[in-house]
Amino acid sequence: MDKQKTEEFYRRLKEQLSENSSWPSKYLYKFIVPTDKEKIKSITDIFDNLGAVIESKQSKKGTYTSISITTIMENPDAVIEKYEKVGEVEGVISL
């Protein structure tokens, strides 16, 4: 995604989160990543010390791993900050 589309996506997400949730709030992140221990660890480390519940499941062929992370976030900016950090991990798809 180019930078302008990314900025627009996050702007809309922040708007929706602000309108539809009261903060702090429980938030569910979902990612798909190529099955690679280092990449998975990089993602889970981003949510370290947040009391997050992290679940992962490999695809049938083991090529990809889905990661679901549920945690309490303080505000929409904090939610977006985590998406941006996870986006730095190569090959990650945010759902």
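**Getting to know Lys82**

Guide: Setting aside neighbours within four places in sequence, Lys82 touches Tyr29, Ile46, Phe47, Leu50 and Met73, where contact means heavy atoms within 4.5 Å. This is a predicted model, in which local features need pLDDT of at least 70, side-chain atom pairs count only at pLDDT 80 or more, and totals for chains, interfaces and linings use all residues. Residues are numbered from 1 along each chain as its sequence is written, and side-chain values use heavy atoms, with hydrogens and water left out.

Visitor: Which helix does Lys82 lie in?

Guide: Helices (H or I, at least four residues) and strands (E, at least two) are DSSP runs, numbered from the N terminus. Lys82 belongs to H3, residues 76–87. The chain has three helices and four strands in total, and they run α-β-α-β-β-α-β from the N terminus.

Visitor: Is Lys82 buried or exposed?

Guide: Buried means under 20% relative accessible area, exposed over 50%, and partly exposed in between, using a 1.4 Å probe and protein chains only. Lys82 is buried, and buried residues make up 28% of the 95 in the chain.

Visitor: What is the nearest side chain of opposite charge to Lys82?

Guide: Lys and Arg count as positive, Asp and Glu as negative, with His and the chain ends not counted. A salt bridge puts a side-chain nitrogen of Lys or Arg within 4 Å of a carboxyl oxygen of Asp or Glu. For Lys82 the nearest candidate is Glu81, 4.9 Å away, and Lys82 has no salt bridge.

Visitor: How much of the chain's contact joins residues far along the sequence?

Guide: Among contacts between residues at least 6 apart in sequence, 70% join residues at least 24 apart.
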